[in-house]
Amino acid sequence: MSDNDTATTPQVGTDLVKRGMAEMLKGGVIMDVVTPEQAKIAEDAGAVAVMALERVPADIRSQGGVARMSDPDLVSGIIDAVSIPVMAKARIGHFVEAQILQSLGVDYIDESEVLTPADYAHHIDKWQFTVPFVCGATNLGEALRRISEGAAMIRSKGEAGTGDVSNATTHMRTLRTEIARLTSLPKDELYVAAKELQAPLPLVQEVAETGKLPVVTFTAGGIATPADAAMMMQLGAEGVFVGSGIFKSGDPASRAKAIVKATTFYDDPSVLAEVSRGLGEAMVGINVDEVPEPHRLAERGW
Amino acid sequence: MTQVGVLALQGDVREHALMLEQLGCDVTPVRRVAELGAIDALVIPGGESSTQDKLLRAFDLREPLLERLGSGLPVLGSCAGMIMLARDLVDGITGQQTLGAIPMTVRRNAFGRQVDSSEVALVWEPDGSSMHGTFIRAPWVESHDDGVEVLATATGPDGDRHPVAVRFASAIATAFHPEISADIRVHQALLDLI
């Protein structure tokens with residue numbers, strides 16, 4: 001765009017408004033919801049946004065079958081029920097689901113491995129959209145590949161629907177370690193680093209220079225308790241997605257409020273102890289080790 | 001050195017802090033009552049206003065903050081921060097409270113959803129210079145009392161112009177996000193109030 005255009009018409013869908021939207025979510029909790037009623041509970045508990053989907057990951061996991069974008073009626077019902085931002089999931093590579101979600105007015109699209117991939121070679125060309133995208137990543141190379149395709153926000157993948165936080169921990173630690181390594185490399189070694197990371201050189205150089213991803217990084221996958229959320233924040237997450245962990249627990253409203261508070265006071269054990277009291281049953285959960293490899297979601301996407 | 005607090009309950013705290021440090025301030029993230037005591041000015045960042053309001057009340061920060069604002073603590077709010085500083089709110093969530101530092105009514109999400117978020121050329125009224133505004137699910141000022149100075153306006157989807165930056169006594173509010181630009185003028189205007 002030229003300066004002249006900027007002077008006359010508002011510019012929508014720019015990098016700044018897409019990445020900026022994620023900046024505004026920082027320090028917050030984004031909650032999976034499957035009904036307008038759950039969306040209201042999330043909003044009342046202090047969620048910064050909700051993720052509208054048909055089944056939470058725990059149910060997708062137990063019921064099996066192909067998991068797809070939610071029915072537009074459901075997405076619209078949730079958009080009408082709350083005034084905080086609404087996100088929704090499209091299958092990896094399914095650019096038409098993304099077009100539909102954009103036309104419904106969702107505020108962010110999650111190109112998500114929790115749904116069954118629609119394309120095993122290509123992710124969505126996210127630059128073609130006005131709506132911003134968040135994508136999952138298990139390591140730095142994957143995060144930078146998603147950013148090069150236009151993702152405006154990154155999240156760890158974790159192992160969604162398990163209530164087992166160990167994979168999210170691995171992804172957050174890997175990202176942190178790989179970024180730290182880049183910042184320690186001499187400039188003339190970044191070319192090989194980019195090759196090894198399978199990521200574009202300019203992005204690799206930018207991360208080496210700034211010591212952080214150029215977009216906001218949240219954590220996701222298996223977060224079930226206030227302590228889980230706080231641990232991810234201490235490991236460098238800038239905010240938290242909670243999937244099945246809230247509405248598969250005994251007392252969703254209380255647990256949601258507690259996770260919101262824990263995300264703000266992630267570094268204060270006395271607050272964390274206080275908010276962790278009397279929350280009732282956490283989601284039962286499954287150990288990631290017990291999930292047969294073909295059913296591990298974090299391995300979808302590349 | 002000037003001590004500026006940034007309300008650090010939720011939102012783009014880091015961006016405000018970086019800009020204030022660039023202007024030579026010592027920045028304190030504010031999450032507890034004790035952290036309110038030492039500051040010369042406060043920034044309420046962009047974020048989700050309904051979340052910030054809930055956390056402010058849950059951690060008993062609201063009353064002490066009202067007290068400091070009442071005694072003239074210079075304050076800047078951007079986007080969610082503008083909502084927080086309003087006296088009245090249109091389209092808030094049920095039970096949402098504001099701080100009332102500026103006698104104005106603010107409409108939340110007035111410019112629409114994220115697909116309507118945009119970068120817009122503005123005129124900064126104090127000196128007539130141009131300013132680039134980044135609006136993200138932004139509010140606008142629906143109405144205000146006499147004495148509230150309008151610093152910038154923008155055209156809404158309704159075709160009308162609405163105030164998007166205002167100043168009243170020691171409070172400044174913007175519907176856009178100067179903190180994610182390289183433009184220091186709005187933050188400088190806050191420091192000028194100290």
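## Pockets

A pocket, as the word is used here, is an open set of grid points with protein on both sides within 12 Å along at least five of seven lines, and a volume is the space filled by probe spheres set on the points. By that reckoning, the second largest pocket of this predicted model has a volume of about 280 Å³. It is lined by 13 residues, and those nearest its centre are E23(A), K212(A) and P214(A) from chain A, with R14(B) and E15(B) from chain B. Two or more lining residues come from each of helix 2 and helix 10 (residues 201–210) of chain A, and from helix 1 of chain B. Helix 2 of chain A gives the most, with 5 residues. If you are thinking about the character of this lining, it divides into 7 charged, 4 nonpolar and 2 polar residues.

The largest pocket holds about 780 Å³ of space. Its lining counts 32 residues, and nearest the centre lie M233(A), A237(A), E238(A), Y266(A) and R14(B). R14(B) is thus listed close to the centre of the largest pocket and close to the centre of the second largest one. On the chain A side, helix 8 (166–184) and helix 13 (252–264) each give two or more residues to the lining of the largest pocket, and on the chain B side helix 1 (13–22) and strand 2 (26–30) do so. Helix 1 of chain B gives the most, with 5 residues. The lining of the largest pocket is made up of 16 nonpolar, 8 polar and 8 charged residues.

## Enclosed cavities

How many cavities of 30 Å³ or more does a search of the whole structure find? There are 5 of them. The largest cavity has a volume of about 190 Å³. Of the 24 residues lining it, D32(A), A160(A), A220(A), G221(A) and G243(A) are closest to the centre. The elements giving two or more residues to this lining belong to chain A: strand 2 (29–33), strand 9 (240–242) and helix 12 (244–247). By class, the lining has 10 nonpolar, 8 polar and 6 charged residues.

The second largest cavity comes to about 160 Å³. It is lined by 17 residues, and the closest to its centre are G47(B), E48(B), N109(B), I136(B) and R137(B). Two elements give two or more residues here, helix 2 (15–25) of chain A and helix 5 (80–85) of chain B. Helix 2 of chain A has the largest share, 3 residues, and this helix also gives the most to the lining of the second largest pocket. The lining of the second largest cavity splits into 10 nonpolar, 4 polar and 3 charged residues.

## Two hairpins in chain B

Now for some strand geometry. Strand 10 (residues 149–155) and strand 11 (residues 161–168) of chain B run antiparallel and are joined by 6 bridges. T155(B) has R161(B) of strand 11 as its bridge partner. The two strands form a hairpin with 5 residues between them, and in the turn G159(B) has a positive phi of about 85 degrees.

Strand 11 of chain B also pairs with strand 12 (residues 171–174) of chain B, again in the antiparallel sense, over 4 bridges. Here R167(B) stands opposite I172(B) of strand 12. This second hairpin has 2 residues between its strands, and A169(B) in the turn has a positive phi of about 50 degrees.

## Buried residues of chain B

Beyond strand 12, H177(B) sits in the loop that leads to helix 6 (185–191) of chain B. Is H177(B) buried or exposed? Its relative accessibility is 1%, so H177(B) counts as buried, the cut-off being under 20%. H177(B) and E15(B) are 162 residues apart in sequence, yet their C-alpha atoms are 9.6 Å apart in space. E15(B) is also one of the residues nearest the centre of the second largest pocket.

Two cysteines of chain B fall under the same cut-off. C25(B) counts as buried because its relative accessibility is 7%, and C79(B) counts as buried because its value is 5%. A search of the whole structure finds 0 disulfides over all chains.

## Confidence

Chain B has a mean pLDDT of 97, and 100% of its residues reach 70 or more. For the model as a whole, ipTM is 0.97 and pTM is 0.96.

How values were computed:
Residues are numbered from 1 along each chain as its sequence is written. Chains are lettered from A and ligands numbered from 1 in the order in which they are written. This is a predicted model: local features need pLDDT of at least 70, side-chain atom pairs count only at pLDDT 80 or more; totals for chains, interfaces and linings use all residues. Side-chain values use heavy atoms; hydrogens and water are left out. Two strands pair if DSSP finds at least two bridges between them. pLDDT is the predictor's confidence in each residue, from 0 to 100. A disulfide is a pair of cysteine sulfur atoms within 2.5 Å. Buried means under 20% relative accessible area, exposed over 50%, partly exposed in between (1.4 Å probe, protein chains only). On a 1 Å grid over the protein atoms alone, a cavity is a set of points where a 1.4 Å probe fits but cannot get out, and a pocket is an open set with protein on both sides within 12 Å along at least five of seven lines; lining residues have an atom within 4 Å of a point. Ala, Val, Leu, Ile, Met, Phe, Trp, Tyr, Cys and Pro count as nonpolar, Asp, Glu, Lys and Arg as charged, and the others, Gly among them, as polar.
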